Amino acid sequence: MSKCLITGVAGFIGSHLAEKLIADGITVVGIDSFTSYYDPALKKQNLAKLLNEPNFTFWEADLLEVNLSLLLKDIGFCFHLAGEPGVRLSWGHSFQDYLDRNVLTTQVMLEALKETGIQKFVYASSSSVYGTCALPMSEAVLPRPISPYGVTKLAAEQICQAYRENYQIPYVALRYFTVYGPRQRPDMAFSKIIRCLMEETEFTIYGDGQQTRDFTYVDDIVEATIAAARSNASGEVINVGGGCQASLFEAISILQKITGKELKIKYLEGQKGDPINTRADLTKASRLLNY
Ligand SMILES: NC(=O)c1ccc[n+]([C@@H]2O[C@H](COP(=O)([O-])OP(=O)(O)OC[C@H]3O[C@@H](n4cnc5c(N)ncnc54)[C@H](O)[C@@H]3O)[C@@H](O)[C@H]2O)c1
């Protein structure tokens, strides 16, 4: 595999992807602007191991300000993971950040890639594009997001398609389902639950705790992401899930067993934009990515 670019490399998933590519002997350029969505110090920690790698180069810069033709020089594969994650904060005035970091970053990348002969553009999309739909969620249904976050992730998928149609940029958009594992973002459930258990503080459940997710281990996400780059698939959106569905209560019960502690729980009304249940149909991932 020729030289790869990872945007959002200091993030939870981006840092795992970079470590795997480097371990496989591939040269990686990474870019991140350390946005303040969560503590930038954690993002710097995510990068710590990578910065000692001779095959890894890091650019601390914003994709909307950097010289993209310099950044993209000799890049064969681009993994576009930079973005503003999270459903709950996407309402209200922070929507501008979602537009900038999810939609506009994708457009400027594709615009800059028009003349480069890129071999594959892999876009990190989300199960949030589905909104509330029949399970398992299939790529064949019309996506109808119920959060502003989901709308921006879907818009970016569509921009990929427009650039493929008109400029033949080969892309795959992967719809990741709730990712977990070491270095999980501090705003995500497992990370919060473990922190509350260790610090013996209260965890807030939005809704009744019966909501379910198709939780996906980060190594599986990384495997599918690299497979998408290597595959012949182009112009495709593909689900990447963990293959089963668990409720928040089930996850809490496992984490209580592991830590030997009991979680203090507070209940609040369900959050707007959060679907009740998710589960990925993995037929297409299996067929196109051997996932
Ligand atoms: N974690 C999940 O469960 C999940 C699920 C579905 C989709 N995704 C998508 O996967 C991608 C990675 O998610 P994550 O959980 O690792 O999030 P993350 O916040 O840990 O990583 C994203 C990184 O992008 C960087 N970034 C944002 N805007 C930038 C810009 N303009 N220029 C340079 N860097 C910028 C941030 O500083 C951050 O380090 C995101 O696009 C997210 O929408 C994640």
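**Close-up views of a predicted model**

**View 1. Helix 1 is the top contributor to the shell around the ligand, giving three residues.** Keep in mind that this is a predicted model. Helix 1 covers residues 12-23, and it shares the job with strand 2 (28-32), helix 4 (95-113) and strand 5 (120-126), each of which supplies at least two residues of that shell. Which residues come nearest to the ligand? Out of the 29 around the ligand, those are Gly-8, Gly-11, Phe-12, Gly-83 and Val-179. Sorted by class, the shell holds 14 nonpolar residues, ten polar ones and five charged ones.

**View 2. Here helix 1 meets helix 7, residues 218-230.** The two axes come within 10 Å and cross at roughly 65 degrees, and the crossing is right-handed. On the helix 1 side, look for Ile-13, His-16, Leu-17 and Lys-20. Helix 7 answers with Val-218, Ile-221, Val-222, Thr-225 and Ile-226. Six residues of this contact are nonpolar, two are polar and one is charged.

**View 3. Helix 4 packs against helix 5, residues 148-167.** Their axes sit 9 Å apart, at an angle of about 10 degrees, which means that helix 4 is roughly parallel to helix 5. Helix 4 brings Phe-95, Tyr-98, Leu-99, Asn-102, Val-103, Thr-106, Gln-107 and Leu-110 to the contact. Among the residues they meet in helix 5 are Pro-148, Tyr-149, Ala-155, Ala-156, Ile-159 and Tyr-163. The class count for this contact is twelve nonpolar, four polar and one charged.

**View 4. Seven strands line up in an open sheet.** Reading across, the order goes 3-2-1-4-5-6-11, and the pairing is parallel. Which strands stand at the edges? Strand 3 (56-60) and strand 11 (236-240) do; each has a single partner strand, so one side of each is left without a neighbour in the sheet. On average, neighbouring strands are turned by 20 degrees against each other, ignoring direction.

**View 5. Strand 5 and strand 6 run parallel, and helix 7 packs on their sheet.** Strand 6 takes in residues 171-176, and six bridges join it to strand 5. To find your way around, spot Ser-125, which stands opposite Arg-175 of strand 6. Helix 7 touches strand 4 (77-80), strand 5, strand 6 and strand 11. The direction of helix 7 makes about 165 degrees with that of strand 6.

Terms used. Residues are numbered from 1 along each chain as its sequence is written. This is a predicted model: local features need pLDDT of at least 70, side-chain atom pairs count only at pLDDT 80 or more; totals for chains, interfaces and linings use all residues. A residue is near a molecule or strand if its C-beta atom, placed from the backbone, lies within 6 Å of it. Helices (H or I, at least four residues) and strands (E, at least two) are DSSP runs, numbered from the N terminus. Ala, Val, Leu, Ile, Met, Phe, Trp, Tyr, Cys and Pro count as nonpolar, Asp, Glu, Lys and Arg as charged, and the others, Gly among them, as polar. Axes are lines fitted to C-alpha atoms, for helices over the stretch in contact, and angles run from 0 to 180 degrees between N-to-C directions. A crossing is left-handed if the near helix is turned anticlockwise from the far one by less than a right angle, and right-handed if clockwise. Two residues are in contact if their C-beta atoms, placed from the backbone, lie within 7 Å. Angles under 35 degrees count as roughly parallel, over 145 as roughly antiparallel, 65 to 115 as roughly perpendicular and the rest as oblique. Two strands pair if DSSP finds at least two bridges between them.
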